[in-house]
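Here are some worked exercises to try with the model open beside you. Have a go at each task before reading its solution.

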Amino acid sequence: MSEAISTTGLTKRYGARTVVAQADLTVPTGAVAGFIGPNGAGKTTTMAMLLGLVRPTAGQALVLGQPISAPERYLRRVGALLEAPALWPGLSAEDNLRVLAELGGHDARDIPRLLELVGLADRRADRFGRFSLGMKQRLGIAAALLGDPALMILDEPTNGLDPAGMRDMRALISQLASEHRTILVSSHLLTELEQVCNWLIIVDGGRIQYCGPAGEFAGSQHPTIELATLEPRDLLALADVVAAAGLDAGRTRDHLVVEVGDRDAQRLAADLNQRAATAGIVLTELRVTRPTIESAYLRMITEDVA
Amino acid sequence: MIRTYRAELRRLTSRRGLLVAGFLLLAGGFGCPALVFSAAKPAAQVKSGGSFSPTVESLSAAGGGTQVFQYAAAFMGTLLFVLFTGLFAAEHARGTYRTMLLRQPGRTGLLAGKLAALLTYAGTLLALLEIVMWVAGQFEAGNGVSTAKWTSGAAIPAALGDYLTVLAWVTGYAVYALALGILIRSVPIALAVGIGWAGPFEHIVSDSWTAAHHWFPGLLLEELGQGGTSQESLAKALATTAAYVLVAGALTVVAFRRRDVSA
């Protein structure tokens, strides 16, 4: 698979502060890549470097096969939304898109369709300055889609959206991905990306912690089995049963969390159920929990801190 | 640059923008001549080398109809400078330079296109303003000013001269405003520096240092707008201003090309 984005040792320093440190990342063509990290991790700066807005202190990067030192060679094929959409408040939604279409040399006949796509068709004549943050965000997405880009770089696209707006945005990203585009989308909301991404880049403190298939990242963490008993006092007895089975377990207030390790989680759950019944313990919950991106990410960050 | 030019013109000529410009054009076009006529005095009463004041004789000459326009424009220098500086600096504050660079990454072309579009727009408005003022002046002339010679053949080159003088003056202000907006980036600071320098600072210094009129960019623009003065000829003011404009333009381009656009 070819790479839509690749960086080698990409670094950005502002004085003594290193915002992005030796970032090596790739995004395969056609992937929906989630760019995850806490606020201030360096996501926006990395994206700004990829878009030619910020000059790297060191390192190299290619976007659609072109070096980021020559953004004019690839930006026509890239749609981007960086931070909050910055458009002209006195112009209508439609006029803003017309100005951008003119600027980028794109076909303005596509504008009505794009406004329809982001749900702003009936507000096309309204001034951008009067839009809510969510509507501005949607217009920013429409602007990014001008020229039918092969690569989209979206920085926190769900900022300011209500839950329904977030759901619509996820659906839109999935739809855009189904049109054979490559999408790099950043967020600090992990659950938001988990549902749409098949590639993950995790950044923390300006350093890339993981870059690879989303499934492999979550899959690299083992599942757990969560158990709860009818009588809370039985939880101690259950812990003895688990220990007798040679398993490690941790305890929360009303659950026992069993580490599965490399074993077959389903088979192990059945075995624990049988052992509990034999010991006269009534289980009210027996649940195999597969690791999510969020849980795996949190575990990774916690381990780093430790 | 061409795409930026066309996009910027499209933005400047939005319906709302044209309505505002049309209102200002009519208000200024009909209001300013009356003010200029009321301020006119016989030449004998105007102190030689004094402030830039309209005289009954100059306004009654062939080029008097369009000199009304030149006088009116000269009074609006600070307002125009503030407007331009605000326009250019606000693009930074709003983040629209970032948006534009994503569509047009050639930074020199972007600035050149923006400036060319603004000057085209301003040039068109000024031409219309000159015509409106000439027409309004025909009806509003008073205070001893005669409009009999305004329709003579000599009025046409005079009108062209007045127009080009004001256009050069506007271009100077636009480039200085662009430089301030790009170099400083913050709207309030750019305005404070611009107004502080061109307003009180240059004028206070010029009271004690007469050579200030030969070197200070704001004073040179004022002299340019007045078609030259006893302190500095039009040709010298134009040449020095042109040199300053080139330097300011080059500095602006270098800064804009080198800087990160993160806002």
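A salt bridge here is a side-chain nitrogen of Lys or Arg within 4 Å of a carboxyl oxygen of Asp or Glu. Keep in mind that this is a predicted model.

**Exercise 1. A network in chain B**

Task: Work out which residues are linked with Glu8(B) in a network of salt bridges, and how far apart in sequence Glu8(B) and Lys114(B) are.

Solution:
- Step 1. Start with Glu8(B) and Arg11(B), whose side chains meet in a salt bridge with N to O at 2.6 Å. Both belong to helix α1 of chain B and are 3 residues apart, so about one helical turn separates them.
- Step 2. Check burial, for which the cut-off is under 20% relative accessible area. Glu8(B) has 5% and is therefore buried, and Arg11(B), at 14%, also counts as buried.
- Step 3. Turn to the salt bridge between Glu8(B) and Lys114(B), at 2.9 Å from N to O. Because Glu8(B) sits in helix α1 of chain B and Lys114(B) in helix α7 of chain B, this pair ties together parts 106 residues apart in sequence. Lys114(B) is buried, at 1% relative accessible area.
- Step 4. Add Glu91(B) to complete the network: Glu8(B), Arg11(B), Glu91(B) and Lys114(B) are linked by salt bridges.

**Exercise 2. A pair in chain A**

Task: Decide whether Arg123(A) is buried, partly exposed or exposed, and do the same for Asp126(A).

Solution:
- Step 1. Find the salt bridge in which the side chains of Arg123(A) and Asp126(A) meet, at 2.4 Å from N to O.
- Step 2. Recall that partly exposed lies between the 20% and 50% cut-offs. With a relative accessible area of 30%, Arg123(A) is therefore partly exposed. Asp126(A), at 28%, is partly exposed too.
- Step 3. For context, the structure holds 21 salt bridges over all chains.

**Exercise 3. Where the chains meet**

Task: Describe the interface of chain B and chain A, and find which element gives the most residues to the side of chain B that touches chain A.

Solution:
- Step 1. Count residues: 28 of chain B are in contact with 35 of chain A.
- Step 2. Take the area. About 2700 Å² is buried between the two chains, with carbon and sulfur atoms giving 57% of that. Arg98(B), Leu102(B) and Arg103(B) supply 29% of the area chain B buries against chain A, more than any other three residues.
- Step 3. Look at polar links. There are 4 salt bridges between chain B and chain A, and Arg98(B) forms a salt bridge with Glu83(A), with the closest N and O atoms 3.5 Å apart. The interface also has 16 residue pairs in polar contact.
- Step 4. Name the elements. Those giving two or more residues to this side of chain B include α1 (2-12), α5 (77-94) and α7 (107-140). The answer is α6(B), which gives the most, with 7 residues.

**Exercise 4. The nonpolar cores**

Task: Identify the residues with the most contacts inside the largest nonpolar core.

Solution:
- Step 1. The largest core has 130 residues, and Ile153(A) and Leu184(A) have the most contacts inside it. Helix α8 (residues 155-184) of chain B contributes the largest share, 13 residues.
- Step 2. Beyond its neighbours within four places in sequence, Ile153(A) is in contact with residues including Ile5(A), Met47(A), Val78(A) and Leu184(A).
- Step 3. A second, separate core has 17 residues, among them Val242(A), Leu256(A), Ala276(A) and Leu283(A).

Key: Residues are numbered from 1 along each chain as its sequence is written. Chains are lettered from A and ligands numbered from 1 in the order in which they are written. This is a predicted model: local features need pLDDT of at least 70, side-chain atom pairs count only at pLDDT 80 or more; totals for chains, interfaces and linings use all residues. Side-chain values use heavy atoms; hydrogens and water are left out. A nonpolar core is a set of buried Ala, Val, Leu, Ile, Met, Phe, Trp, Tyr and Cys residues joined through side-chain atoms within 4.5 Å. Buried means under 20% relative accessible area, exposed over 50%, partly exposed in between (1.4 Å probe, protein chains only). Helices (H or I, at least four residues) and strands (E, at least two) are DSSP runs, numbered from the N terminus. Contact means heavy atoms within 4.5 Å. Buried area is the accessible area (1.4 Å probe) that two parts lose on being put together, summed over both. A polar contact is a pair of N or O atoms within 3.5 Å; within protein, one must be able to donate a hydrogen and the other to accept it, and residues adjacent in sequence count only if both atoms are side-chain atoms.
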